[in-house]
Amino acid sequence: MGIDPAATDRFREDVAWVAGATPAIDRPLALAVSGGPDSMAMLALAVAAFPGCVVAATIDHGLRAGSADEAAMVAGWCAGADVPHAVLRPAAEWSPRTVQADARHVRYALLADWALAAGALALATAHHADDQAETFLMRAARGSGVAGLAGIRPRWLWERHRWHRGYPEGGVVAVADVDALPVVRPLLDWRREELAVVCAAAGMPSVRDPSNADDRFDRVRARRWLATQPDLDARALARSAAACAEADAAISAMMDVLRGERARDSDVYECTYDIAGLPRELCRRLARDAIGYVRDVQGITEGRWSDANNVEPLLDALEAGGQATLAGVLASAKGALWHFRKAPPRRAT
């Protein structure tokens with residue numbers, strides 16, 4: 001039957017919008033393909049829209065007996081379609097307890113390293129409108145603010161910083177190297193059922209991840225609940241997430257100015273902000289900024305740090321004039337000055 005040409009054109013436009021450019025032979029679009037129907041549909045659309053300008057990778061996480069077979073299935077289809085494909089395996093052994101937390105960090109690091117080596121224009125994942133709606137509902141249930149409700153971003157920049165130690169001229173820490181890769185979600189306006197149609201029309205093989213039916217996971221429960229609510233439209237929820245993302249982007253732009261205005265003198269490996277008179281949301285963002293900076297320049301690897309970390313207890317402690325440690329960074333307050341530095345080693349017990 002084949003893919004509807006209108007779907008191919010739509011995908012081509014979506015990629016151009018989120019990636020800011022069109023893939024080429026020397027700048028291919030890198031695809032993260034798990035073998036599920038959503039990512040296989042994305043693979044079929046990409047091959048139709050950008051022939052000869054697509055590379056793909058599948059992560060064999062080894063957590064289930066069938067993961068190697070799933071990766072082999074994707075590899076076999078790609079070989080038949082003349083699409084370069086790689087199977088990526090984590091160097092460290094994962095455990096079931098890390099699937100929902102550290103595993104995400106490991107996956108993106110593996111995929112980004114591979115995509116950068118391939119000279120890719122961007123790395124595309126198959127997140128769609130239903131995923132966005134589920135994320136919005138889960139974040140709302142947790143009381144998330146505007147940044148959390150923004151959900152899955154259409155585009156974000158994966159970065160790995162390596163910093164020079166020492167005090168360069170001007171007292172500014174110099175970046176030794178920055179690896180950066182756009183991560184794009186061209187399917188955020190597509191419904192799950194639309195992708196199922198594409199997958200079937202293209203005759204794509206696919207597998208179902210058993211974890212997608214496991215009620216222990218928040219997303220599975222949100223998905224099932226949403227399916228029982230015909231009055232809740234997934235696209236409308238996704239549009240609400242997009243509106244939150246626009247608001248978050250506006251605040252982030254303000255932060256570029258605020259950092260310069262509120263930064264105070266401190267050791268080059270530490271960070272101090274004057275938060276006098278600022279609303280909690282801006283204090284929250286300055287705290288996140290400071291923690292990320294200190295972790296980067298000090299090379300702190302303790303714990304995982306991302307926008308998903310809960311900083312509210314830390315903010316409560318600082319607003320009370322106290323101190324708190326998060327992700328290897330010690331934050332302390334002296335009046336309106338909040339200071340962030342590497343946490344001292346823990347005492348042996």
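Which residues of strand S3 (residues 85-88) form the covered face, and which form the uncovered one? In this predicted model, where local features need pLDDT of at least 70, side-chain atom pairs count only at pLDDT 80 or more, and totals for chains, interfaces and linings use all residues, the covered face of S3 consists of Ala-86 and Leu-88, while His-85 and Val-87 make up the uncovered face. Residues are numbered from 1 along each chain as its sequence is written, and side-chain values use heavy atoms, with hydrogens and water left out. Strands are DSSP runs of E with at least two residues, helices are DSSP runs of H or I with at least four residues, and both are numbered from the N terminus.

Strand S3 pairs in the parallel sense with strand S2 (residues 54-59) over four bridges, two strands being taken as paired if DSSP finds at least two bridges between them. Within this pairing, Leu-88 of S3 is the bridge partner of Ile-59, and Leu-88 also belongs to the covered face of S3.

A second set of pairings involves strand S8 (residues 271-274), both faces of which are covered, with Cys-271 and Tyr-273 on one side and Thr-272 and Asp-274 on the other, all of them buried; here buried means under 20% relative accessible area, exposed means over 50%, and partly exposed lies in between, for a 1.4 Å probe and protein chains only. Strand S7 (residues 263-264) pairs with S8 in the antiparallel sense over two bridges, and a hairpin of six residues joins S7 to S8. In this pairing, Thr-272 of S8 is the bridge partner of Arg-264. Strand S8 also pairs in the antiparallel sense with strand S11 (residues 337-342), over four bridges, and there the bridge partner of Asp-274 is Leu-337.

Tyr-273 of S8 is also in contact with Asp-289, as is Arg-259, when the neighbours of Asp-289 within four places in sequence are left aside; contact means heavy atoms within 4.5 Å. Asp-289 has its place in helix H10 (residues 280-298) and is partly exposed, with a relative accessible area of 23%. Between the C-alpha atoms of Asp-289 and Met-255, which are 34 residues apart along the chain, the separation is 9.5 Å.

In helix H1 (residues 5-19), which contains Thr-8, a further set of contacts can be described. Thr-8 counts as buried at 8% relative accessibility, and, not counting residues up to four places away in sequence, Thr-8 touches Ile-3, Leu-45, Ala-48 and Ala-49.
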